[in-house]
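Me: Please take me closely through a single part of this model, and say how it fits with the rest of the chain. I would like the cut-offs behind each term as you go.

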Amino acid sequence: MCAECHSTNLVKGFDPTTGTYRTTWSEVDVSCEACHGPGSRHVAWAEVPPMGRASLVNAGLVMKTSGITNRELVELCAPCHSRRTELGDYDHRRSELLDNHLPVLLSEASTTRTADLEEDFEYGSFVQSKMFRMGVRCTDCHDATG
C-alpha cells in the first residue's frame with residue numbers, strides 16, 4: 001500500500017484468476033509524473049528552444065496543475081494526502097478524485113487523531129475546513145516541488 005504514493009506509475013497488475021500480482025513501476029520515488037502524469041510529450045516540447053516550441057495545451061502535460069481552482073488542486077493532491085480506499089490502479093487520465101479513490105471524511109469514527117490543525121494537511125479534514133471554503137489551496141502554504 002505504501003507504493004501507491006511513494007513510487008511513480010505504479011501498476012499493481014492484480015490477476016483475480018490466480019490471486020497474484022505482477023507489479024510494475026517507473027520509479028521508486030515521487031517524480032514529476034506522480035502529479036503531472038506521463039511526461040514524454042512535455043519533455044520533447046521542453047527540449048526545443050523556446051522560440052521554436054509548438055503551442056501545446058498545458059505544455060504537453062496530462063494533468064493541469066496551474067491555473068486551476070482550489071478544489072481541482074486539492075483533489076490532485078488528495079490521492080496521496082488522504083485517508084482513502086483505492087478503486088484499482090491510479091489513472092491520471094481520470095481527473096475526478098472519486099473515479100480513482102473513496103476518501104474518508106473526518107469524523108470521530110474515522111480518525112485516531114484530533115480534529116485540529118495538525119489534521120488539516122489531509123483531504124478529509126481540509127475540505128471540511130473554513131480555509132478550503134475561503135479558497136485556500138495546498139500550494140498557498142506548501143511547496144509542491146520539493
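Reply: What follows sets out the chain as a whole and then looks closely at the loop between α1 (3–6) and β1 (14–15).

This is a predicted model, in which local features need pLDDT of at least 70 and side-chain atom pairs count only at pLDDT 80 or more, whereas totals for chains, interfaces and linings use all residues. Residues are numbered from 1 along each chain as its sequence is written, and side-chain values use heavy atoms, with hydrogens and water left out.

The protein chain contains six helices and four strands, which follow one another in the order α-β-β-α-α-α-β-β-α-α. These elements are DSSP runs numbered from the N terminus, helices being H or I with at least four residues and strands being E with at least two. Of the 146 residues, 28% are buried, a word that stands for under 20% relative accessible area, while exposed is over 50% and partly exposed lies in between (1.4 Å probe, protein chains only). Among contacts, meaning heavy atoms within 4.5 Å, with a separation of 6 or more, 39% are between residues 24 or more positions apart.

The mean pLDDT, the predictor's confidence in each residue from 0 to 100, is 81 for the protein chain, and 84% of the residues score at least 70. Comparing the elements, helix α5 (residues 123–126) has the lowest mean, 81, and strand β2 (residues 20–21) has the highest, 94. Over residues 112–120 pLDDT stays under 50, and the model has 14 contacts beyond four places in sequence for that stretch. Where pLDDT is low, the predicted coordinates should not be read in detail.

Within the loop between α1 and β1, Thr8 is a good place to begin. Its relative accessibility is 1%, and Thr8 is therefore counted as buried. The side chain of Thr8 comes to 2.7 Å from the backbone oxygen of Asp29; for a polar contact, two N or O atoms must be within 3.5 Å, and within protein one must be able to donate a hydrogen and the other to accept it, with residues adjacent in sequence counting only if both atoms are side-chain atoms. Leaving aside residues up to four places away in sequence, Thr8 touches Trp25, Ser26, Glu27, Asp29, Val30, Ser31, Glu33 and Ala34.

Asn9, in that loop as well, has a relative accessibility of 48% and so counts as partly exposed. Its phi is near 60°, a positive value in a residue other than glycine. Most residues other than glycine have a negative phi, and most peptide bonds are trans. Elsewhere in the chain, Ala59 also has a positive phi, of about 55°, although it is not a glycine; Ala59 sits in the loop between α3 (40–46) and α4 (70–77).

Further along the loop, Lys12 forms a salt bridge with Glu86, their closest N and O atoms being 3.8 Å apart. A salt bridge here is a side-chain nitrogen of Lys or Arg within 4 Å of a carboxyl oxygen of Asp or Glu. Because Lys12 belongs to the loop between α1 and β1 while Glu86 lies in strand β3, the pair ties together parts that are 74 residues apart in sequence. Lys12 is partly exposed, with a relative accessible area of 25%, whereas Glu86 counts as buried at 17% relative accessibility.

Glu86 also meets Arg84 in a salt bridge of 3.3 Å, N to O, and both Glu86 and Arg84 are buried. Together with Glu4, the residues Lys12, Arg84 and Glu86 are linked in a network of salt bridges. The structure holds four salt bridges, one of which joins Arg71 to Glu75, with the closest N and O atoms 3.3 Å apart. Arg71 and Glu75 both lie in helix α4, four residues apart, about one turn of the helix. Arg71 is partly exposed at 41% relative accessibility, and Glu75 is buried at 16%.
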